[in-house]
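Could you take a few minutes to look through this structure with me? I have put my comments together as a short list, so that you can follow along on the screen.

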Amino acid sequence: MIAHLFMRQGVQILFVLAMAPLLAGWVRQCRAWLANRAGAGLLQPYRELLRLLRKQPVVPHEASALFVATPYIVFTTMVVASALVPMITIHLPLAGAADAVVLAGVFSLARIFAALAAMDLGTGFGSMGARRAMLVGFLAEPALLMVLFTPALISGSTSLVVIVRQLARHGVILYPSMAFAAVAYVMVTLAENARLPVDNPDTHLELTMIHEALNLEYSGRYLALIEWGAAIKLFVYIGIGAALFFPWGIAQGTSSAGLAIAYALFSAKLATAGAGLAVIETVFAKLRLFRVPEFLGTAFLLAVLGLLMRYLFGH
Amino acid sequence: MPCDDLHPDTAWARLPGPLPAAHAWVDGKSWRALAARWRTEDGQLAALWGSDERPAGIGFVVHAIVICGGAWRWMSLAAGHDDPRFPALSELFPEAARQERALFDLLGISCDVGDTRPWLRHEAWGSTDFPLRRDFAEGAPKVGPADPSYPFIPVRGSGVHEIAVGPIHAGTIEPGHFRFSVVGDEILRLEERLGYTHKGVAKRLEGLPLAEGGRLAGRICADSTAAYAGAYAMAVEAVSACTVPPRALWLRALLWERERIANHLGDIGALCQDGGLAFGHTQFGLLKERWLQTHRQLFGHRYLMDMIIPGGVAGDLDLAAVALLDGECTTLLQATRSLQNIIDDHAGLQERFLGTGRLDETQARALGAAGLIARASGIGRDLRVFSPSPPYDTLKARIATRAEGDVAARVAIRFDEIYESLRLIRAILAALPDGPARVPCGPPCGVLGLGAVEGWRGPVLAAVTRAPGLGSHHVHMHDPSWQNWPLLERVVLGELVPDFPLINKSFNLAYSGHDL
């Protein structure tokens, strides 16, 4: 039984590791289609990772151990985060180990290390990127917590497993408070994953970068880990979103057939979310940097409104 | 008429060619006095450069061209033999400052006041070697790596720090160094450092016969090749007393307008991309690509290189080609209009464009803005209207101006100019004169020749000076980016660092075109 539990956990982690680049490729391909371009294909991120892994990394002379350690730390935290979210099944040994608040903390840990490593070299772009990443992060995090508290109030627990079990048991009920939380969650996801309209993942203009500016000095396998980690992060964010707002189809039992259906359903959710992300990124232009606090302030406000609605009216 | 009552001590000689231009030799006193008067009459310094005329016994010569009320005034000043000096014009015309610095870098002619830091000089030449001097040995040994001690002007204060960008960038773009002094993400000061693309073009042009230099002149700045080749051809025709057939003049205008449209399409697409709207980038990229493919099909080169030659135009159009070009105008007009509606209605993109990088008219006038940038700040300067050479005198081009001077205005000007150029192209195609498209251009006989074309960035100039007996000549090609680069430093003050690429793209100035 225990062995089965950990096998399921291991399979989910492997699934995330293997599929995260595909999700990134899918989003890019959808963006290309929406812009009337042919696109590079779904497998392009795998080719890029392979290319980076083969390349000899170049580490600046001034770099400290922190600089070299950070890609591993960031990658590991993302893998840990992927283990904590009940995406396929609620019977995960590690999912119970941490609740939603800890999950938010895991993401902050990665952000702090990325920012420290960027400042480690003392280059203009690194510290600029670190400053901007922290600006986005410290505004996005409270909004994320507020979003998580609404389903926590509904289900009476901050544990994602309990939330999923409760929400799925309620059946298809439309909670207005959850609608507010869902919109806020989409906004936070865009900001946290360095997507348009907050950051432009495709830009080559170093002065406009947020996430990319943190990684300018990385190359080879270090860059591969960071890129892979970023893909996993997006994957996990969609996983959390699916667990909170579309928990139906996450396996409650332990049968193989149930698991297979859960995997298929989750893949469908991913594809839909990826396509939706591509639409958002096509329709919106990039915000002026100092509009980002307003954007995230709006997300926070929406999340608080959802929370209030639940708390005061019980919707 | 202002600017026409000339300085009494100065003998003005009308220059050959279609431009209403006159030339005079002046002394140091009238050099300053004339410049001062033109400044008060809203004259614009079109170009300032020098030449080494020591073989002719005149020593070093400094030339300046000022456009004043539609009249072109070219004055030349003998600056001496051993320690050439001249009175600076940068106090009157701020846009002269960098050209004065380049004068010293290339020829060792110094002026009495102003910034003495190098501009085009990156330690590639010894401190006493000046590459444009006639006795400069080509292939002289390179001297050391670039000097890291270039004195940027520092900004001090609590929380101020510098961001150094370039000359090598994260994307595939031209080399330029930008030194920002910032507090947080707000720009307190920007200083440009260019001159990384020096190829010795001016030196090479001296070594080529005038009739053959056109190929090289058309390669100074590839996105303006028709304008450069056109200006060069006009200048050479002026010193060769060559009369270009009307059909060639009309075909040249056709090429210039097509070049303008191609660049404006590309720029609007790039501005959409920098604003984060990839859709616009792809759509305008597609329109530009089709436009360039027509160039390739009808003129043999995507960017129209080597089409305009001294004496006329290298190719000609048959009736089928005329019909094809006319039809293409209709298609492009519809496509551009519908895309403009999308862009104008896109709140997010307009939020980025509106009010960003504002250059008001007062500043633009004081600093001598040229071309498209001036027109976006409400200054209606366009050679096609103020010095209209055929066929623009009959086509009656309309100037597009906007008063706002922000990125949005520079986008709007580009749209307006696309529509106007499409109208001009159709008018040209409808009334294209018959006859030959080129005539043989005789050997050069004159001393001075001036050519000017309103390229898509602004006026592109070519000035030829010849020493007839000695067979030596100098060609100066001038890009409007000389005037507009310093404006970029001005408009970003108080803006956000991440908005700089957008503002820079809305200017889209030449790195290579002003570094010869």
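The points below go from the whole of chain B to its parts.

1. Please keep in mind from the start that this is a predicted model. Chain B contains 16 helices and 15 strands, so there is plenty to find your way around.

2. How does the radius of gyration of chain B fit with a compact globule? A compact globule of 516 residues would come out near 24 Å, and chain B has 22 Å, so the two agree. The C-alpha trace of chain B spans about 70 × 60 × 50 Å along its principal axes.

3. Next, have a look at the packing. In chain B, 51% of the 516 residues count as buried. Among the contacts in chain B with a separation of 6 or more, 67% are made by residues 24 or more positions apart.

4. The domain assignment of chain B gives domain 1 (13-111) and domain 2 (201-507). Their C-alpha centres lie 25 Å apart. Where the two domains of chain B touch, 27 residues come from domain 1 and 28 residues from domain 2.

5. Which elements of domain 1 should you colour for this contact? Those giving two or more residues to the side that touches domain 2 are strand 2, strand 3 (44-53), strand 4 (59-68), strand 5 (71-80) and helix 2 (97-107) of chain B. Strand 3 of chain B gives the most, with 7 residues. By class, this side of domain 1 has 17 nonpolar, 7 polar and 3 charged residues.

6. Now try strands 8, 9 and 10 of chain B. Strand 8 is joined to strand 9 (residues 177-183) by 6 bridges, and the two run antiparallel; here I163(B) has F180(B) as its bridge partner. Strand 9 is also joined to strand 10 (residues 186-193), antiparallel again, by 7 bridges, and in this pair H177(B) is matched with R193(B). The hairpin of strands 9 and 10 has 2 residues between the strands, and G184(B) takes a positive phi near 60 degrees there.

7. Further along chain B, 3 strands form an open antiparallel sheet in the order 13-14-15. Strand 13 (448-454) and strand 15 (472-478) of chain B are the edge strands, each pairing on one side only. From one strand to the next, the twist averages 10 degrees. Strand 14 (residues 459-467) and strand 15 of chain B share 7 bridges, and T465(B) has H474(B) as its bridge partner.

8. Is P16(B) buried, exposed or partly exposed? P16(B) sits in the loop between strand 1 (13-14) and strand 2 (21-26) of chain B. It counts as partly exposed because it has 19 C-beta neighbours inside 10 Å, while a buried residue needs 20 or more. Leaving aside residues up to four places away in sequence, P16(B) touches A238(B), A241(B) and G446(B). P16(B) and H474(B) are 458 residues apart in sequence, yet 17 Å apart in space, C-alpha to C-alpha.

9. Finally, turn to the contact between the chains, which takes 25 residues from chain B and 21 residues from chain A. On the chain B side, strand 8 (160-165), helix 7 (278-299), helix 9 (347-353) and helix 16 (500-507) each give two or more residues. Helix 9 of chain B has the largest share, 4 residues. This side of chain B has 13 nonpolar, 7 polar and 5 charged residues.

Methods
Residues are numbered from 1 along each chain as its sequence is written. Chains are lettered from A and ligands numbered from 1 in the order in which they are written. This is a predicted model: local features need pLDDT of at least 70, side-chain atom pairs count only at pLDDT 80 or more; totals for chains, interfaces and linings use all residues. The radius of gyration is taken over C-alpha atoms; the globule rule is 2.2 Å times the number of residues to the power 0.38. A residue is buried if 20 or more other C-beta atoms lie within 10 Å of its own, exposed if 12 or fewer, and partly exposed in between; C-beta atoms are placed from the backbone. Two residues are in contact if their C-beta atoms, placed from the backbone, lie within 7 Å. Two strands pair if DSSP finds at least two bridges between them. Axes are lines fitted to C-alpha atoms, for helices over the stretch in contact, and angles run from 0 to 180 degrees between N-to-C directions. Ala, Val, Leu, Ile, Met, Phe, Trp, Tyr, Cys and Pro count as nonpolar, Asp, Glu, Lys and Arg as charged, and the others, Gly among them, as polar. Domain bounds come from an automatic or database domain assignment.
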